[in-house]
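Biologist: Could you take me through this structure step by step? I would like to understand how its parts fit together.

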Amino acid sequence: MKRLFNILLYTFMAVCAAGLAVSGTAYFLLRASVPDYDEDFSVAGIDSPIDILRDSSALPHITAGSAEDVYFAIGFVHAQDRLGQLLRARRATRDLLPLEPTTEIDSSTSDALEAYSAGVNAWLGLVSEGGRGRGSPELLIADERIIAAWRPVDSLRIAHAFLSDLRPKRRQELSVSSDLRIPSDRPVTTELFATPPEVSLNAWALSGDRTATGAPILAADIVGPLSLPSEWYLADLQLPTGAAIGTTLPGVPFVVIGRNERVAWAFRSTPQTAVKEPEAPTGKSAGDFLMMLDRLARSTDANNALSGSSEMLSAGMEVLVIDRETRTRWPEREVERPASFRDARLAALDDRQLIFSVEGAIAVQRDTVSAAARALLPLMAKELWFARSTSGIEETRSERLRSEILNKLAQWNGDMDRYSQEPLVFWAWVSALQRRILQDEFPAANEVWTRPNPDFLYAVLSGRGGSAVWCDIRPSARTETCEDRVRAALDDALGWLVDRYGSDPSDWSLG
């Protein structure tokens, strides 16, 4: 018995020791993979010392004696902070349309790409020397054991992929295209096939005669998939021609949306069906886009920034530029854009006041009221708001819940506040409605009916072009109306919410 006890004791101690060793090794590797922002480095490939100062948010402020050294430094910090992201982006773009390293770009942009690549490779060299884990905690479990050197063509490919993500997908590019054959008894509702791009750029500008300061104001938004870390990287590049401050794309050395000391710039991408046949970006368009970003960073005024933009701007994009006196754009005439709920909300906010302060412009940019909710909810609930209990004596529990929710929605202004229950109920309701309307026509194409499409739902509920017939269930003998589908979808949504969050609506919230 004593011998068995000793065996178990020694086994337990051995397991504990092995666990401590593994834990210690994992901690060391993780700790070593996290960059030390107070560390100084000696690297080859720069002409003079570079200062990289980090603020309280760890954002880099880069100062160097030449533009090439600044771009070397942004490549270094991109690799230092986002090495895993850089490698994923390179793997994802390697099999895109082939891009040749000889893409025609001017010498300034070419030198910037070479310097950026040297900066990335400088960090890779420090990692390969040891003592820094894998250079990024996530790479400790990644399968890319040997990391190839970064090349300028890698940056071109990432720019190419970015432009591709701005392009609306064509129907034949959808993975479910074979299942999207509209039944002969259904109208061709174009909104059904409006597939939003992966990323969209939005911007709006006010001229000086509409601002409290008398100088133009520019605001910009980037809409895209959530990721950790963010797809974007804020940086302050102190170039010899002045500062370029704003949003960079890891893998590309230039500020995509930002400002220097004289101008600010941003882009708008044309949404959905505004471009009838979206042009696929090419190697040349990727190079032109990078040359434009390089030129914008060195611009002295708005007109100088847009000189030559007609040859560089990709199809389906607009660029907005302001300086202290001028607001300008290219193309000079606003591109014809399809009506959108977002633009309708922006127009409503723009009409509310004649003169904007900076704070007022920020409030517009941060507005969280959904124009889609304000348009769809009256169509969805117009009959239900006036419906009474069918029992005539006492409401059932589900009817009381439905009545309570409808009363709250009747007083809701469409604000998608994360702490409120109304936005969550609305989202669950439109999701269930989309499923109810489209699942019988496209049973296998779940991408069509699992993500709410407000443009399609608005067309159906308003009966545009006979689109209300989509509400009818094809296999059933009776003809269902949109009111039938809306009521059933509300019950679906409330059932899902009760199962997920409990029966007390006061506990529900969008956040």
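Modeller: We can discuss the strands, the cores, some backbone details and the salt bridges. Please keep in mind that this is a predicted model.

Biologist: Let us begin with strand S5. Is S5 largely enclosed or open?

Modeller: Strand S5 covers residues 233-239, and 5 of its 7 residues are buried, so S5 is largely enclosed by the rest of the structure.

Biologist: Which strands pair with S5?

Modeller: Strand S2, residues 60-63, pairs with S5 in the parallel sense over 3 bridges. Strand S6, residues 242-248, runs antiparallel to S5, and 7 bridges join the two.

Biologist: Which residue of S5 is the bridge partner of His 61? And what is the partner of Leu 234 in S6?

Modeller: His 61 has Asp 236 of S5 as its bridge partner. For Leu 234, the partner in S6 is Thr 247.

Biologist: How many residues lie between S5 and S6?

Modeller: There are 2 residues between them, and the two strands form a hairpin.

Biologist: Now the interior. How many residues does the largest nonpolar core have?

Modeller: The largest nonpolar core has 71 residues. Those with the most contacts inside it are Ile 74, Phe 162, Leu 237, Phe 267 and Val 321. Helix H2, residues 67-93, gives the largest share of this core, with 11 residues.

Biologist: What lies apart from that core?

Modeller: Another core, of 41 residues, lies apart from it; Leu 409, Leu 424, Trp 449 and Val 486 are among its members.

Biologist: A change of topic: the backbone. Which peptide bonds are worth a look?

Modeller: The bond from Leu 228 to Pro 229 is cis, with omega near 0°. Pro 229 lies in the loop between strand S4 (217-223) and S5. Another cis peptide bond joins Trp 330 and Pro 331, with omega about 0°, and Pro 331 is in the loop between strand S10 (327-330) and helix H8 (341-352).

Biologist: Why mention these bonds at all?

Modeller: They are mentioned because most peptide bonds are trans. Likewise, most residues other than glycine have a negative phi. Ala 58, however, has a positive phi, near 65°.

Biologist: Where is Ala 58 found?

Modeller: Ala 58 is in the loop between strand S1 (51-54) and S2. It is partly exposed, with a relative accessible area of 25%.

Biologist: How many salt bridges does a search of the whole structure find?

Modeller: The search finds 16 salt bridges. In one of them, Asp 221 pairs with Arg 342, and the closest N and O atoms are 3.3 Å apart. Asp 221 lies in strand S4 and Arg 342 in helix H8, so the pair ties together parts that are 121 residues apart in sequence.

Biologist: Are Asp 221 and Arg 342 buried or exposed?

Modeller: Each is partly exposed: Asp 221 has a relative accessible area of 23%, and Arg 342 has one of 44%.

Biologist: What about Glu 318; with which residue does Glu 318 form a salt bridge?

Modeller: Glu 318 forms a salt bridge with Arg 329, with the closest N and O atoms 3.2 Å apart. Arg 329 lies in strand S10 and Glu 318 in strand S9 (residues 317-322), so this pair ties together parts that are 11 residues apart in sequence. Glu 318 counts as buried because its relative accessibility is 0%, and the cut-off for buried is under 20%.

Biologist: Which residues are linked in a network of salt bridges?

Modeller: Asp 185, Arg 186, Glu 441 and Arg 474 are linked in such a network.

How values were computed
Residues numbered from 1 in each chain as written. Predicted model: local features only at pLDDT ≥ 70, side-chain atom pairs only at ≥ 80, totals over all residues. Heavy atoms only, no water. Buried < 20%, exposed > 50% of the residue type's maximum accessible area, 1.4 Å probe, protein only. Helix = DSSP H or I, 4+ residues; strand = E, 2+ residues; numbered from the N terminus. Pairing = 2+ DSSP bridges. Core = buried A, V, L, I, M, F, W, Y, C linked by side-chain atoms within 4.5 Å. Salt bridge = Lys/Arg side-chain N within 4 Å of Asp/Glu carboxyl O.
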